[in-house]
Structure formats: structure tokens, C-alpha cells
Amino acid sequence: MQGSKTDRRTFVKTSGTLLAGSTLGFQVLTSKNQRFYNNSDTLKVGLIGCGGRGSGAALQATRADDNVLLTAMADLFPDNLQKSLENLQKENPSKVQVPKENQFLGFDAYKKLLATDVDVVILATPPCFRPGHLEAAVAAGKHIFTEKPVAVDAPGVRKVIEVANQAKAKGLALMSGFCWRHDDPKRATFSRILDGDIGDINSIYNTYNTGNVWYHEPQAGWSKFEEMMRNWIYRSWMSGDHIVEQAIHSLDMMSWAMGDVLPIKATGTGGRQSRTGEEYGNVYDHFAVTYEYPNGARGFHFSRQQEGCSRAYGLEITGTKGRCDIDVWNRHEITGKKNWKWEGEGKDMYQNEHDELFASIRSGKPFFDGVRMANSTMLAIWGRMAAYTGKTLTWDEALNSQEVLGPTLDEYHWDMTWPLAPVPQPGKTPFV
Ligand SMILES: NC(=O)c1ccc[n+]([C@@H]2O[C@H](COP(=O)([O-])OP(=O)(O)OC[C@H]3O[C@@H](n4cnc5c(N)ncnc54)[C@H](O)[C@@H]3O)[C@@H](O)[C@H]2O)c1
């Protein structure tokens, strides 16, 4: 049943375009590719960024479809790649077939992986690499699962919007790791909100308040640059700071509740009080941002990574007919004119992501959330800019910011240095 490699890959790459195209295109699709619907051809997957999330996503990909193989992996560091490979081989031995020649290391590992015959790539490096990796993956004609955030600065978001549109035009699947969008309880809850069960929304208080996150102690033989690359979350140019890297999930849900309408203004503040050591680079440990919507509604965001403080991760949404309380893991409840609460079980949202991604590729209707993922990323970058500068910023000002935080993909090499920007001070740090 295996068609020639060219036939198979051409179909996988162009399936969406064919479906969306002419009658002739549809005939070509149905006659030539019947085998895809029978699930008898192999979709090959490549993983770029073999850390915690990338390894999880790769496992979910191998479980998403009977005929998926992980065939290529790329990372900066050999230990990360090997650990990931060993774990994946233990978990799903028959579906993890990554020969030595398909294990790539270093800053150009992504290029080598994209040059293999993988059909689908998972992008799960630190966010600073994402716009460049996305651009290269779309140019190579691969279907994509990309982790959030998809950029760390506004020029990166603008690039991602451009590249996402190219992916759509090419009929490539492009799914982002805004995982709550694939969570059964959230879907049940947000669909009720969007159906008007709590009326018109007045305010959304959303949180991501957690404690300290991981830190890798420097090891003998690590250069300063390697130490920085391994502890990327503490450099705003690499992670975008924790409002962009982590609390973005709450902002994405705020946006979901508002029907993905964009706010018009953001005002914020933040700082670092409890995580002040040099090892923590230049990121903040708390943010508070108010977003103003065109209809007058307000989104109030509060996030912190401070040990020993009360934790919260959820949303309190108030509308003209009721309210909705979400504690992401424990509670999804609407009270008011229409009382309701989620009482089901729900499937693993990360598995849902990949089940839906691969089913969409098989069906010839590739999943696409390219513009939404860019907007949700921008929402968080905008909040960070408002907090860092202390200035109220409009969406247009934020999206057109000229601030570039880090090097371009081709500038990376092992002997490089990159200056650590001073910790921003609201009122003093300029908006660029
Ligand atoms: N959706 C979610 O729930 C969720 C959860 C965790 C992380 N994430 C996101 O996933 C991404 C990865 O996070 P993580 O927790 O897995 O981090 P991690 O540090 O565990 O993994 C990152 C991996 O990328 C590798 N890497 C770094 N630069 C690279 C490059 N240029 N080319 C190839 N490999 C490179 C690192 O060596 C490391 O193995 C981040 O964007 C993060 O925000 C999403």
C-alpha cells in the first residue's frame, strides 16, 4: 500500500489546498489518496526541542494515530536528546524509530531535521527560536504543532502572522499548544459563555499565581552561555518573561471568553521582590495588567512566581446574567440565571491536541489556529510591555513595537554572548 515517497509527501503537504480547491482538485484527492482515510500510510514526525514539553508532545503524537512514527529529533544538547529518546522508546517502542543519522544537535539541528522526510514537526524549544523555526518549517512544507508562546517580541509576532498565513495558503496544519482550548471541561464551559449563559461579560479576573519554577544548577564544564541556554526562562529575551511563557494560558482563556475580540488598551505594573538573585537573570516575579475591551469590559490579569504565597490559576468571569468560576483543575461552574457545573471526566487535553491534529491531517482539512496563537501571544507581550514601561499602550502601539529582544536564528553560535538587559523599571524603561 505504500505509495512512492514523493506521492505520499506531496499529498500530506497539499491535502488542505486540494480540498479547498477546485472540483478537479477534489477528484485528485479522493482517487489518489484513499489509503490515507484507511489509515494505511505512515506520517513521520520530527521533534525540535527535546525537553519536558517536547517529549510529552512527541509521545502524544505517537499515540494519536495508528500509523505515526517519530523518526527524527533535534536539540542543542546531547544529554537532553538522549534522555528524551530513551524515555520515548520505553513508552512507545514500536513507534519511536530515530536512527543515529536522524539525531541532530546544535543551533542548526532544526535545519537538518527539516531536510529529512518528516511530514509533521513539533516545535518545543524555548520561545525565542519559535518565529525562525516556524518560518523554516512552513518553507519546508511540514505540518506543525508548535508550543506556545510563538514569539517573545512584537516583530516576532508580526513574522509569525505572515508565516501562519503562508502555512494556511499551503494547506499545512498549524496547531499551537494553547492546550486549554483542547480541554473538555473548558470547552463545555466556554461554549456556554459564548452562547450567552452569563449574559454580556463585564469583567474577567484571571490568575496564574504559582511558586518558584525549575532552575538548573551550573555543572562542571558548562560555559556561561550554556548555563544561560539551559536556564532560558530567566532571560526575558529567551522566554519573554513569565507572563509570556507561563501566564499566557490565563490570558488566552480570557480572550476565549471574550470571543477572541482584542482589547484596545493595556495598563500594567510588575517587578521582582522575592526572586532577585543573579541566577534569575532579568525577569520579574509578578505582573498585574488591566486590559480594556472596546465594549468597556475589563480583563484583570494577575500572575506571580513567588514561593510561599497563595496560589491560584483560574478565571472569575462576571456577566449581566451570572458568573463563571474556573479553577483550571478543579472547578468549572456557572451561577446566575442558568446554573451549571462540569461534572464529567474529560480526556487528557494534551492527547486531545494531537488526536485532533492528526485526524485533521488525515481528513484533508488541516487544523489551523495560526492567527489566534499569534494574537494570544501578543496579548501577553503587550501586558509585559505595559508593565515594564508603566505606560498605557494601545494594541496598535504594542503590535507595531520595534523592540527586538534577541539575535536572529543565524546569529547563534556557541562562542557568542548576549547582553542581559537591566531589570525593567516602570516609569523609567522606555517603550520602543
Ligand atoms: N502548553 C503547555 O502546557 C506547556 C507546558 C510546558 C512548556 N510549554 C512550552 O514548551 C516550550 C518548551 O518548554 P519545556 O518546559 O519543554 O522546556 P525545556 O527546557 O524542558 O525544553 C526545551 C528543549 O529545547 C532545547 N533547545 C533549546 N534551544 C534549542 C534550539 N535552538 N534548537 C533545538 N533545541 C533547542 C533544550 O536543550 C531543551 O531540551 C516552551 O515554549 C514552553 O513555554 C508549554
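Biologist: Which element gives the largest share of the shell around the ligand?
Modeller: That is α4, with 3 residues. Helices (H or I, at least four residues) and strands (E, at least two) are DSSP runs, numbered from the N terminus. This is a predicted model, where local features need pLDDT of at least 70, side-chain atom pairs count only at pLDDT 80 or more, and totals for chains, interfaces and linings use all residues. Residues are numbered from 1 along each chain as its sequence is written.

Biologist: What makes a residue part of that shell, and which are the closest?
Modeller: A residue is near the ligand if its C-beta atom, placed from the backbone, lies within 6 Å of it. The shell has 25 residues, and Gly 49, Gly 51, Arg 53, Asn 80 and Glu 147 are the closest. Two or more residues each come from α4 (52-63), β2 (68-75) and α6 (109-114).

Biologist: How do you know how far to trust the coordinates of residues 1-39?
Modeller: By pLDDT, the predictor's confidence in each residue, from 0 to 100. Residues 1-39 stay under 50, while the protein averages 91. Where pLDDT is low, the predicted coordinates should not be read in detail.

Biologist: Why is Gln 89 called partly exposed?
Modeller: A residue is buried if 20 or more other C-beta atoms lie within 10 Å of its own, exposed if 12 or fewer, and partly exposed in between, with C-beta atoms placed from the backbone. Gln 89 has 15 such atoms within 10 Å, so Gln 89 is partly exposed. Its place is in helix α5 (residues 78-91).

Biologist: What makes a set of residues a nonpolar core?
Modeller: Its members are buried Ala, Val, Leu, Ile, Met, Phe, Trp, Tyr and Cys residues joined through C-beta atoms within 7 Å. The largest such core here has 106 residues, of which Val 45, Ile 122, Ile 144 and Ala 257 touch the most other members. Helix α15 (residues 370-389) gives the largest share of this core, 11 residues.

Biologist: Why does this core lie between the domains?
Modeller: Domain 1 (5-180 + 354-368) and domain 2 (181-347 + 375-411) both give residues to the core, so it lies between them. The domain bounds come from an automatic or database domain assignment.

Biologist: How many residues of each domain take part in the contact?
Modeller: Two residues are in contact if their C-beta atoms, placed from the backbone, lie within 7 Å. The centres of domain 1 and domain 2, taken over C-alpha atoms, are 26 Å apart. Domain 1 brings 19 residues to the contact and domain 2 brings 31.
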